[in-house]
Amino acid sequence: MNLINKRLAGELFMWAEKNADRDVFAQINEEASYYINRESEDTYIMEYSLNTAAEVKKGLETYSGISSDAELAAMLTVGICQSKLYSKENRKLESTDMVNAVKEAENRSEIPEYIYVF
Amino acid sequence: MYILGVSALYHDAAAALIKDGEIVAAAQEERFTRKKHDPSIPRQAIRYCLEEGGINPDDLKAVVYYDNPLLTMGRFIQNLRYAGRDSRDLLNFSLDSLICNKMWVHHLLAECIGRLGMENKLFVTEHHISHAASAFFPSPYQNAVIITIDGVGEYATTTIGYGEDNHIKILQQIDYPHSLGLLYSAFTYFCGFKVNSGDYKLMGLAPYGKPVYVQLIKDKLIDIKDDGSYRLNLEYFDFQYGRAMTNDKFAQLFGGDRRQPESVITKREMDMAASVQKIVEEIFVLMARHAKEFTGKQTDNLVLAGGVALNCVANGVLEREKVFKNIWVQPAAGDAGGAVGAALFYYYQYCGNQRVSDGICDRQKASYLGPRYENEQIKGYLEEKGYSYHVYDVEEIFYQKISELLEQQKVIGLFEGRMEYGPRALGNRSIIGDPRSPEMQSKLNLKIKYRESFRPFAPSVLEENAEEYFELDHKSPYMLFCANVQKALRKEFNLEDEIALSQENLLSVVNRVRSYIPAVTHVDYSARIQTVNGNDNPVFYGIIKAFRERTGCSAVINTSFNVRGEPIVCTPEDAYLCFMRTEMDVLVLGKCILYKEEQTPMKDDKDWRKQYELD
């Protein structure tokens, strides 16, 4: 994990501790069926073109369900945008840690065999 | 209109090119990089697709990625809240890939391709929309109920939908963490096989066991409703923390720790495999019944995709229940197939192009969608390398020769035509043998494939003769349905007695003759069947037909052309290396036949097995 993501991981860990909720997956009708009815087709397909911090923040707020949590939105926006800056710049410099981290993550070499790839 | 579909960054990366709704090319990245289940951006598969189409990136109307990173981020955040102070592993194992790669997938793809089509834009489809589209749009049907089941997409793990003409709609879904795919993966993991790649081993192990844990699983692990919807009891799992699939409580339920990989397989693992398999089959049938009723559509057609749809045993059960008259399963039902689905969704639903189907023939082109090598290229390769070979230009003589070799009990590597798209080898990158041989299954497992002895092999049978051999009343060109060997062909075999006598050595069980075609008859008399016809694959059909004329047998063993842990061979070079490194007797490269005894042994190749991590 690169330094930016290490910092972000630390921040997200603290956020997760503070906002822990064991019932977050429990919003299911338990009467006769566990199916969730679906009406919306809005996200079946969309253009994906995040570039600026404002676009990233808007995307997260609109589609990632974090519109009510400004702290989280800001944290993620900064982390994601820094990752982009570093990854884009450093991809050109072959031997940086960031390039290696990206390649590693891409190759999943750090994921043990018993972990499901999410 | 050319559209490029891409799946990447999760399991099996792949690329697919469609032209005016027709699939021109599709391939998994692993075949080129020689890294099994390679999830990285599919650079080589994309390059191949563009070359096959004879186009440049500028000619693409659009590039479509099969998953929505923003929705995935939403699920990740939900998961963090659930895990709370236990979220460290989740962050350690998932954050990098999500932040650096998935969120910037448009940049990664732009870097890879050069330009994201004419408008330089990336489109993303929902993961299960990609699966649903891969199931419906290439299917033979004008309308169909659609069911997709996998580990997890963004939120959804299971969906029920309906497709008609050029439109699909998801009507119901089950969301993460409640997942049939993850339940199956949990058992795969606990039984000592690899998550993401060992699920089919668990399916192969199931017939050795008894489903004694079904009630326990229902009581403790999963609540199944009458409509096939389900919910997991998370107290027994650890995947939601980004750790192992199961926890100590799960282990206690099944009497101790998980089986260590490569250790002896005991009755417990066999029974666990049988039990979870029964659960999957039960859910398949209940869900199909519900889906037919819920959609309210008068259709006899069902289409399936998602990794769980590769469970050909459950597909066979579903077929025999006759909930739907017709079932079509996307041959690349796992993540690789999402590339085709994403591209087709853009073409049909987003662009509104007309779709026509005849109710009989699918648009998958028998899944022969990968690279091909012409005979001149093959001969050029063999000449350059100085390998000894014989050319058989006359078709009939060529088929006769191969059938003669099969009858002589030779194991043959068959490399012909376009590479298959999806996990199954369908005669173009296959190892074939005589299914009548009692020793062939263990020989193939231990001396050719170097894999576990319990695993069965599949038969490829002439379509017109399939019912003589199997209790199968429909075509199965993609090896996605299991059916039993006909009773008249079976031999007496008591599995329970055999297992008791085997002292946990499954090889002795496998070696017992169970039918006229023992090498492709599993211990429960089942077989994973590929029916072969002359239109889809004239060469493979010609070989099997010649074998029938010579021996009276209309089937051959068909297993993928690779060794354990190796992706299926892609090039003549891959095929030659695999041929030389194993005890395979003969290699057929196009119209060229190579005999092992005429080849010079390879030097300095003792460590080749280290190239491939065991799967």
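**Figure 1. Surroundings of B:Val539 in helix H20 of chain B.** B:Val539 belongs to helix H20 of chain B, which spans residues 538-551. The structure shown here and in the following views is a predicted model. With a relative accessible area of 10%, B:Val539 is buried, because the limit for that class is under 20%. Its C-alpha atom is separated by 9.6 Å from that of B:Phe398, although the two residues are 141 positions apart along the chain. The ring of B:Phe398 in turn carries the charged end of B:Lys591, which sits over the ring at 4.8 Å from its centre.

**Figure 2. The nine-stranded open sheet of chain B.** The strands of this open sheet follow the order S13-S21-S20-S14-S15-S19-S16-S18-S17, and their pairing is mixed. Strand S13 (390-391) and strand S17 of chain B form the edges; each has a single partner strand, so one side of each is left without a neighbour in the sheet. Within the sheet, strand S14 (residues 412-415) and strand S15 (residues 429-433) of chain B are paired in the antiparallel sense through four bridges. In this pairing, B:Ile412 is placed opposite B:Ile432 of S15(B).

**Figure 3. A charged group over the ring of B:Phe415.** B:Arg429 lies over the face of B:Phe415, at 3.9 Å from the ring centre. The contact falls within the paired strands described above: S14 of chain B comprises residues 412-415, and S15 of chain B comprises residues 429-433.

**Figure 4. Strand S18 of chain B and its two partners.** Strand S18 of chain B covers residues 526-532; six of its seven residues are buried, so the strand is largely enclosed by the rest of the structure. Strand S16 (residues 458-462) of chain B runs parallel to S18(B) and is joined to it by three bridges. Here B:Leu462 stands opposite B:Val532. Strand S17 (residues 481-484) of chain B runs antiparallel to S18(B), with four bridges between them. B:Ala483 has B:Ala527 of S18(B) as its bridge partner.

**Figure 5. The largest cavity and its lining.** Five cavities of 30 Å³ or more are counted in the model. The largest cavity holds about 70 Å³ of space. Its lining includes B:Gln530, B:Thr531 and B:Val532, and B:Val532 is also the residue opposite B:Leu462 in the view of strand S18. Among the other lining residues are B:Ala366, B:Tyr368, B:Leu426, B:Pro477 and B:Tyr478, together with B:Asn533, B:Asp536 and B:Asn537. In character, the lining divides into six nonpolar residues, four polar residues and one charged residue.

**Figure 6. Aromatic pairs and an aromatic cluster.** Over all chains, the structure contains 31 aromatic pairs. In one of them, B:Tyr65 and B:Tyr66 meet edge-to-face, with 5.4 Å from centre to centre and 85 degrees between the planes. B:Tyr65 counts as buried, at 1% relative accessibility, and B:Tyr66 counts as buried at 1% as well. B:Tyr381 and B:Tyr387 also form an edge-to-face pair, with centres 6.0 Å apart and planes at 70 degrees. B:Tyr381 is buried, with a relative accessible area of 12%, whereas B:Tyr387 is partly exposed at 22%. One aromatic cluster includes A:Phe25 of chain A along with chain B residues, among them B:Tyr82, B:Tyr176, B:Phe187, B:Phe190 and B:Tyr213. B:Phe237, B:Phe239, B:Tyr241, B:Phe250 and B:Phe254 likewise belong to this cluster.

How values were computed. Residues are numbered from 1 along each chain as its sequence is written. Chains are lettered from A and ligands numbered from 1 in the order in which they are written. This is a predicted model: local features need pLDDT of at least 70, side-chain atom pairs count only at pLDDT 80 or more; totals for chains, interfaces and linings use all residues. Side-chain values use heavy atoms; hydrogens and water are left out. Buried means under 20% relative accessible area, exposed over 50%, partly exposed in between (1.4 Å probe, protein chains only). Helices (H or I, at least four residues) and strands (E, at least two) are DSSP runs, numbered from the N terminus. Two strands pair if DSSP finds at least two bridges between them. On a 1 Å grid over the protein atoms alone, a cavity is a set of points where a 1.4 Å probe fits but cannot get out, and a pocket is an open set with protein on both sides within 12 Å along at least five of seven lines; lining residues have an atom within 4 Å of a point. Grid points are joined across faces, edges and corners, and a volume is the space filled by probe spheres set on the points. Ala, Val, Leu, Ile, Met, Phe, Trp, Tyr, Cys and Pro count as nonpolar, Asp, Glu, Lys and Arg as charged, and the others, Gly among them, as polar. Rings of Phe, Tyr and Trp (its six-membered ring) pair if their centres lie within 6.5 Å; planes under 30 degrees apart count as stacked, over 60 as edge-to-face and the rest as tilted. A charge sits over a ring if NZ of Lys or CZ of Arg is within 6 Å of the ring centre and within 35 degrees of the ring normal.
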